[in-house]
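Me: Please take a close look at the salt bridges of this model. I should also like to see the setting in which they occur.

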Amino acid sequence: MNRAQAFTKRKVIISPNNQPSGNVYSSTTFPQIQFVLGSSPGLADFKTLRLNYTFQIKNTAGAPVENSPSTNTTPARNGMAVSNRVGSTNAFQQINISTMNGRNLETILNLNRYLATISPNQINQFDYLNTFQGQDPLLSTKSLGCCRQMNVPVEVSTPLRTGFLSNTTPINLSQKGIHGCVINILLDQNANVIGPVEVIQQGTDGSQTTLEQAAGGSVSEGFQYQLSNVFLSYDVYVPNDQVYSSMPSTGQITFNSINSMTSTLLASDQTITLRTGLKNLISATHSTIPATHLNNIKKNGMKLERLSINSTASVNGPPVALNTAQFFKGGVLFPANTILDSEAQGLTNPQSQIIQPALNSVTLNDNDHQLLNPQTSVGLNNSAGFNVEQKALSINQVPDPDSDFVLGVATDTSQQGVDYSRQDYAIRLQSGLNGGTPFQFFSFFRARNVIQYNPMGVEVME
């Protein structure tokens, strides 16, 4: 006698609930994508959830880009790409996840900036070129690898890397669970998604410079990205009638949510105080960029830039030192009760006393996969003293020496969280800024959340 199978695994494919004519989304014509995951019996495995689409950049005449390392090749259409560190997810400005009865589960503003901040610190060079690159061909450790892909439509199948959708435990979407959920994605404007192609040039002495190559004239302003053939896919485990009838109708789900805030960094000695209202704060991560480089199609708006002075909309200013960093909870140094100092080190190495806590804030002390190393974070291969031959490494041998400048701290190594609901979070930075270049200061907070579901709906407990 064969026993009935308790669960049946099925693949679910969902089209957008607000599908436009031609199923083409863009920031100017149809910037919002909505998916409704119904409350049918089943446990959704969000580890398998993928957003699938075709990504392409065209000008107003419908012509694609023609990127090439040579500036003489079709200059009007040569030099339009997305950030190779983030890939096509650069287009996602905001995501909201809520239940069918309107209870908000997670909202992440500046989602693309969040992904730009964490991706280089959760993915190493092998991941970029192999594992994750298979999900999004625009992910690369070299800008030229990304820009060449942009010449043709790109098929993408990427995970939505939010806190709730990264839960490793299958979620009950039925009436005995969270009663289904709704996923809303808002696209960012063209000028913040599309940027120049970065071409690394090497001199006869081994020194390297970065040329930001953008499409010539005003034609670049006419380029727009679009997403077509959009659908969502994931696995679901459907119980048989006997198992479903025995499942409890109440329970709890614990997950880590992501919260974002923005500030302005301007002074050489500045304390940024933020009221997070979070009860179980696990970590805080920050990244910076000159305000003039945001929403600027001539600049990479997702770049993790070091602090600098005199930057303009078209020119990168000289970098300045970050001397000290301090983290506070309610005005008291926490979790480190010391000032994180940055002394000058040989070959301008990463400032380990400041960088290591920032890396831990992203990886939560699991540092096996990350791109933070001398060849990729601060461009040490530009130095003639980097290797035994006393010359810089070949630009064909290593990833682009792109900046990976992040700040942050993990507040609780046990990952249970620290209560900041009644006390402010603050970070004090002492640097070489001169007050002439305002920096956009992005803050991303990871917190432990607990929700409780019952036949009446979902309640957020913590």
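Reply: Of the protein's 462 residues, 54% count as buried; here buried means under 20% relative accessible area, exposed means over 50%, and partly exposed lies in between, for a 1.4 Å probe and protein chains only. The model is predicted, so local features are reported only at pLDDT of at least 70 and side-chain atom pairs only at pLDDT 80 or more, whereas totals for chains, interfaces and linings use all residues. Residues are numbered from 1 along each chain as its sequence is written, and side-chain values use heavy atoms, with hydrogens and water left out.

The secondary structure comprises six helices and 22 strands, taken as DSSP runs numbered from the N terminus (helices are H or I, at least four residues; strands are E, at least two). Contacts, meaning heavy atoms within 4.5 Å, often span long stretches of sequence: of those between residues at least 6 apart, 76% join residues at least 24 apart.

The salt bridges number ten in the structure, each defined as a side-chain nitrogen of Lys or Arg within 4 Å of a carboxyl oxygen of Asp or Glu. One of them pairs Glu198 with Lys303, whose closest N and O atoms are 2.9 Å apart. Glu198 belongs to strand 10 (residues 197-202) and Lys303 to the loop between strand 15 (281-290) and strand 16 (322-329), so this pair ties together parts 105 residues apart in sequence. Both Glu198 and Lys303 are buried.

Another salt bridge joins Asp269 to Arg428, with 2.8 Å between the closest N and O atoms. Because Asp269 lies in strand 14 (residues 269-274) and Arg428 in strand 20 (residues 425-431), the pair ties together parts that are 159 residues apart in sequence. Asp269 is partly exposed, at 38% relative accessible area, and Arg428, at 25%, also counts as partly exposed.

Asp424 and Arg275 likewise meet through their side chains in a salt bridge, at 2.8 Å from N to O. Asp424 is in the loop between strand 19 (406-410) and strand 20, while Arg275 is in the loop between strand 14 and strand 15; the two are 149 residues apart. Asp424 is partly exposed at 24% relative accessibility, whereas Arg275 is exposed, with a relative accessible area of 61%. In addition, Lys9, Lys11 and Asp235 are joined into one network by salt bridges that share partners.

The setting also includes an open sheet of four strands in the order 3-9-5-6, with antiparallel pairing; two strands pair if DSSP finds at least two bridges between them. Strand 3 (32-37) and strand 6 (104-109) are at the edges with a single partner strand each, so one side of each has no neighbour in the sheet. From one strand to the next, the twist averages 10°, where axes are lines fitted to C-alpha atoms (for helices, over the stretch in contact) and angles run from 0 to 180 degrees between N-to-C directions. Within the sheet, strand 5 (residues 92-99) and strand 9 (residues 181-187) run antiparallel and are joined by seven bridges; Ile95 has Ile185 of strand 9 as its bridge partner. Helix 1 (residues 111-118) packs on the sheet, where it touches strand 5 and strand 6, and its direction makes about 105° with that of strand 5.
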